[in-house]
Amino acid sequence: MDAIVKNFPQTVRESDRPSQQEVEEAVRVLLRWAGDDPSREGLLDTPTRVAKSYRELFAGYDMDPEDVLGRTFEEVAGYDDMVVVKDIPFFSHCEHHMVPIIGKAHVAYLPDGRVLGLSKIARAVEIYGRRLQTQEAMTAQIAKAIDDTLRPRGVAVMLEAEHMCMSMRGVQKQGSTTLTTTFTGTFKSDPAEQVRFMTMVRGR
Ligand SMILES: [Zn+2]
């Protein structure tokens, strides 16, 4: 897992960012590469819109999930069983083709005296989603962030997602879902806890 997550934080210094003008010119180049004419009326504002939308789609580079997860602990009288947040929708983009990955995250942990605000987990998923990703890395990163900040007895993360780079291009396999899991602590050492996690995630 360490090999995948060692490049964190992935943030770029503001001074290393290209200018608005450079970004818009790059989009015009891509429009010409696609075979269209960036000077036709319908495309005139497209470079500006794309630049703005990239800031939103990739806003995760400007955010540190540990800021979101940290210092938000709540004492919960004696509760020490599994906490599962399932079906967290996420959007990301694959780092190989820069096209969407659309999926759901299921996250669980076994508390060791402290719990997280439930919305914080969904927020951490969103932050990692709004970066260029592989599904494998994103799964490991979510688990590591919760492990590092909350120090629970164990973390389980499962992502299920459709990769548009497989659906729309290349092998063009629509509807196939990729599943990835990361288990730490007790989830890793005790297969029965993994089964319990899977059962809770699959239960409707
Ligand atoms: Zn791809």
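Visitor: Let's start with one side chain. How does lysine 144 count by relative accessibility?

Guide: Lysine 144 counts as partly exposed, because its relative accessibility is 27%, and that class lies between the cut-offs of 20% and 50%. Do keep in mind that this is a predicted model.

Visitor: Which side chain does lysine 144 meet in a salt bridge?

Guide: Aspartate 148, with 2.6 Å from N to O. Look at the spacing too: both residues sit in helix 6 (residues 135–150), and because they are 4 residues apart, about one helical turn separates them. Aspartate 148 is partly exposed as well, its relative accessible area being 28%.

Visitor: How many salt bridges does the structure hold?

Guide: There are 11. One of them pairs arginine 40 with aspartate 36, where the closest N and O atoms are 2.8 Å apart. Arginine 40 is partly exposed at 39%, and aspartate 36 is partly exposed at 32%. Salt bridges can also link up into a network, as they do for Asp81, Glu193 and Arg196.

Visitor: What about glutamate 160: which residue does it form a salt bridge with?

Guide: Its partner is arginine 202, and the closest N and O atoms are 3.4 Å apart. Here you should read the positions in the chain: glutamate 160 is in strand 6 and arginine 202 in helix 9, 42 residues apart, so the pair links distant parts of the chain.

Visitor: And is glutamate 160 buried or exposed?

Guide: Buried, because its relative accessible area is 17%, and the cut-off for buried is under 20%. Arginine 202, at 40%, counts as partly exposed.

Visitor: Which other side chain joins glutamate 160 in a polar contact?

Guide: Histidine 106, at 2.6 Å. Find histidine 106 in strand 3. It is buried, with a relative accessible area of 0%.

Visitor: What does histidine 106 touch?

Guide: Leaving out residues up to four places away in sequence, the list includes Val85, Lys86 and Asp87, then Ala156, Val157 and Met158, and also Phe197 and Val201. Glu160 is on that list too. As for the strand that holds histidine 106, strand 3 is mostly covered, with 8 of its 11 residues buried.

Visitor: Now the sheet. How should I read the pairing of strands?

Guide: Strands of a sheet pair through backbone hydrogen bonds, either parallel or antiparallel. Here 5 strands form an open sheet with mixed pairing, and the order is 5-2-3-6-7. Strand 5 (132–133) and strand 7 (178–183) are the edges, each pairing on one side only.

Visitor: How many bridges join strand 2 to strand 3?

Guide: 9, and the two strands run antiparallel. To find the register, look for phenylalanine 90, which stands opposite glycine 103 of strand 3. The hairpin these strands make has 5 residues between them, and methionine 98 in this hairpin takes a positive phi near 60°.

Visitor: Where do we go from strand 3?

Guide: On to strand 6: these two pair in the antiparallel sense over 10 bridges. Isoleucine 101 has histidine 163 in strand 6 as its bridge partner. Strand 6 (residues 154–163) in turn runs antiparallel to strand 7, with 6 bridges joining them. There, alanine 161 is partnered by threonine 178 of strand 7.

Visitor: Which strands does helix 9 lie across?

Guide: Helix 9 (residues 191–202) lies across strand 2 (83–94), strand 3 (100–110), strand 6 and strand 7, at about 45° to strand 6.

Visitor: Let's zoom out. Which domains does the domain assignment give?

Guide: Domain 1 (13–57) and domain 2 (72–202). Taken over C-alpha atoms, their centres are 32 Å apart. The whole protein has 9 helices and 7 strands, and its C-alpha atoms fill a box of roughly 65 × 40 × 30 Å along the principal axes.

Visitor: How much of the protein counts as buried?

Guide: 39% of the 204 residues. As for contacts with a separation of 6 or more, 71% of them are between residues 24 or more positions apart.

Methods. Residues are numbered from 1 along each chain as its sequence is written. This is a predicted model: local features need pLDDT of at least 70, side-chain atom pairs count only at pLDDT 80 or more; totals for chains, interfaces and linings use all residues. Side-chain values use heavy atoms; hydrogens and water are left out. Two strands pair if DSSP finds at least two bridges between them. Contact means heavy atoms within 4.5 Å. Axes are lines fitted to C-alpha atoms, for helices over the stretch in contact, and angles run from 0 to 180 degrees between N-to-C directions. Domain bounds come from an automatic or database domain assignment. A salt bridge is a side-chain nitrogen of Lys or Arg within 4 Å of a carboxyl oxygen of Asp or Glu. Buried means under 20% relative accessible area, exposed over 50%, partly exposed in between (1.4 Å probe, protein chains only). A polar contact is a pair of N or O atoms within 3.5 Å; within protein, one must be able to donate a hydrogen and the other to accept it, and residues adjacent in sequence count only if both atoms are side-chain atoms.
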